[in-house]
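Please consider the structure shown below. The paragraphs that follow lead through the arrangement of its helices and strands.

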Amino acid sequence: MVVAFVRLKLRLTANALRGQGWRVALFVIGVLLGIGFAVGGYLGFAAPGLLDDARAARLVLTLAGAGIVLSWLFLPLVFFGVDESLDPARFALLPLTRRTLISGLFAAALVGVPAVATLVATFGMVDTAARLGGLGAGLVELVGVGLGLLLCVAVSRSVISAFATALRSRRARDMATVLLAMLAALLGPLQLLVLAGAAQADWDRVADVAAVVSWTPLGAPYSMGMEVADGRAWAVPVKLVIVLAAIGGLLWWWSATLERAMLGTASAGHSGGAARAGTPVSQLVFRWLPRTRFGALTAREARYWWRESRRRAGLVTFAVVGIFLPAALSLTGDSGGGMLLLIGPLAAVSLANQLGYDGSAYAANVVAGVPGRVELQSRVAGYAIFMVPLLVVIAIVVGVFDGHPAEIPSRLGTLAAAFGAGLAVVLPVSVRAAYALPDTANPFALSSGGGTAKGLLTFVSLLATVVGTIPIVVAAYLLGDAWLWIGLPVGLAYGIGGYLLGAYIGGDLLDHRMPEVLAAVTPNR
Amino acid sequence: MWLRGLVKRFEANVAVTGVDLDVPAGSFYGLLGPNGAGKTTTLSMAVGLLRPDAGQARVLGYDVWSDPAAAKKLLGVLPDGVRMFDRLSGAELLAYHGLLRGMDAPVVDQRARELLDVLELGTQNRTLVVDYSAGMKKKIGLACALLHGPRLLVLDEPFEAVDPVSAALIRDILQRYVSGGGTVVFSSHVMEVVERLCSHVAIMAAGAIRLHGTLASVRGERSLEDVFVQVVGGRTATGSELAWL
């Protein structure tokens, strides 16, 4: 039975790749990245053993191991989206016991690039343990590493399932999405604070932390081998119990939430709402927008950024990251100013799959024959309604936290330039490389299989944007103090130029590719 | 609507193998076919939603693929299995479609109100379209297709999942539209509706038109259902199979 699930997963992955050249290419890149992570991780974890440094081994194995478990929990939520290719709701009608379903889905989740890469990387820990503590320690660590992988998968599956279930009803989901996105986005800045603290603390305190973590389920599986090496074999069975109990508990929790996940959306149709006066057009289009095609598109886009939970989650995540990350950085002593160069492109990258958000609804615009340039310009305008005030706030916050209020205008210029350069890259990309998002109620489901590959596309556009911002950085550096005065106008001009270029190229592309784009963003066709 | 040699391949299989179809202006044309016959694919290619691998499509003389702007202006489309911008309320969605078509705001307001009223969707209803029932979604989709006063309406499965009351209402509206000089093409696999409404029918199977003409010439002396089953090549139960039922 379990084999059937694994084969289904492999078959789905293979079918998704069939006859789609670029998907195969992205998949291959994903696999290469996985191999890179596996090899790099292996070397990193094996290093303490090779250097014969037992203290470092204790620290690295425990803390990095805990880090791996945590990243299994948060990375899918924040960056890659959940792989929904085996959506439990699709098994609802089959006569499967809960036990079969759980073990099947669990086994299927183990099959995949991330799981294999994690396993190979953590084999480096076995290497270290064997070198420092002999064969016995190595074998114990091997068991620990295996259990660690199970723990990783169990954590990510069960927590995601629980979130997905809690968020099934549309209203609840919309609210919870915002909170979750905020929480997830806060992790980065928090981590920075912790790191800053760690930089000041001495190694003995870190060792204390590691010792504590090694007794939690997070660090327990990975620290078993070193316990043997240190001659505390009695700790192994205790840690085994801790880990197994954690895995068991998580699986139990997962199976409990799975039942509800299988029932699907309980659509709580709220009726009516307060009747707002006004004609249909004035209900749609804001008062200050022109009552034209452009106005309608812009207004719809702006409403969608707020009303659609996936987009709103992105918006909120960005707001939190954009404000807190530079602020946290400047608190730790570094200059937050450099971060602006990353935040501008990050703001633009949200549009990299803007047409994908629409899904098949984009057909309405195709049937109406909206010119490509109007389409892209209005989408940017709708997004800018949220983004421009946010960017201004970010520039001010960073300036104030940095203690350089005088630099606020020039930083705003830098931000505008970076945002515009981002648009220049992202608008054509959004037309050329649009992809379908799954038609599910789960706001975190951003990709259907091959998620790593699509995340990669975003990353590449981000990189290209950063490259596009280099001229402004160079100018700011060369001009020195003069930049304080001309930074704002020059940055704005650069940004607007980038935006116009992007809209020009992208609009032209879109005019020639409308049906193809529609086919690309329509799920499961 | 004038279609010549439309072909569409999806990866390995050919969905539509050369469709020729003439829809006379002012006709009420029913496109019949079993599931998977290629009805949706054909109509998508005819209205500019799906690029054909070969062939031509013209709407009232304008080529859909070489002169899309002119053709799309005269065209109203209700696609099937396609989402709408459903995070808008019904009124907002209509306003969006109207402005998208380049209409003046006062005209949009007036027509949108009328359509919402006639289709019993409520002019002051603030429910988002995503929370509408299936029948209401079809009705608001039809309203969007009608709003700009097209000369040709292309409807894909307009009666699917619609309750009898709404179906009767949609039928009335479509009949009025045709008697006012408009042309309607719609796909369906419900014989009764087609027999009741259409002046012309075409039967499609396995990606090709098998039989077409006026309703009377296609039907002859038999019922449309018999003709359909015969043309499509379905089997009739003899009673010997599935004996365990």
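In this predicted model, helices α3 and α4 of chain B are oblique to each other, because their angle of about 135° falls neither over 145 degrees, where a pair would count as roughly antiparallel, nor within the range from 65 to 115 that counts as roughly perpendicular. Helix α3(B) covers residues 90-100 and helix α4(B) residues 105-118, and their axes are 10 Å apart. The crossing of these two helices is right-handed.

The residues that bring the two helices together can be named individually. From α3(B), the contact involves B:G90, B:A91, B:L94, B:A95, B:G98 and B:L99, while α4(B) contributes B:V108, B:A112, B:L115 and B:L116. Sorted by class, this contact comprises 8 nonpolar and 2 polar residues, with no charged ones.

Attention may now turn to the sheet of chain B. Strands of a sheet pair through backbone hydrogen bonds, in either a parallel or an antiparallel manner. Here, 4 strands of chain B form an open sheet with antiparallel pairing, in the order β2-β1-β4-β5. Its edges are formed by β2 (residues 13-22) and β5 (residues 62-63) of chain B, each of which pairs on one side only.

Strand β1(B), residues 2-10, is joined to β2(B) by 7 bridges in the antiparallel sense. One position illustrates this pairing: B:K8 has B:V16 in β2(B) as its bridge partner.

A further helix accompanies the sheet. Helix α1(B), residues 39-47, lies across β1, β2 and β4 of chain B, the last of these being residues 54-59. Relative to β1(B), helix α1(B) runs at about 120°.

Note on methods:
Residues are numbered from 1 along each chain as its sequence is written. Chains are lettered from A and ligands numbered from 1 in the order in which they are written. This is a predicted model: local features need pLDDT of at least 70, side-chain atom pairs count only at pLDDT 80 or more; totals for chains, interfaces and linings use all residues. Axes are lines fitted to C-alpha atoms, for helices over the stretch in contact, and angles run from 0 to 180 degrees between N-to-C directions. Angles under 35 degrees count as roughly parallel, over 145 as roughly antiparallel, 65 to 115 as roughly perpendicular and the rest as oblique. A crossing is left-handed if the near helix is turned anticlockwise from the far one by less than a right angle, and right-handed if clockwise. Two residues are in contact if their C-beta atoms, placed from the backbone, lie within 7 Å. Ala, Val, Leu, Ile, Met, Phe, Trp, Tyr, Cys and Pro count as nonpolar, Asp, Glu, Lys and Arg as charged, and the others, Gly among them, as polar. Two strands pair if DSSP finds at least two bridges between them.
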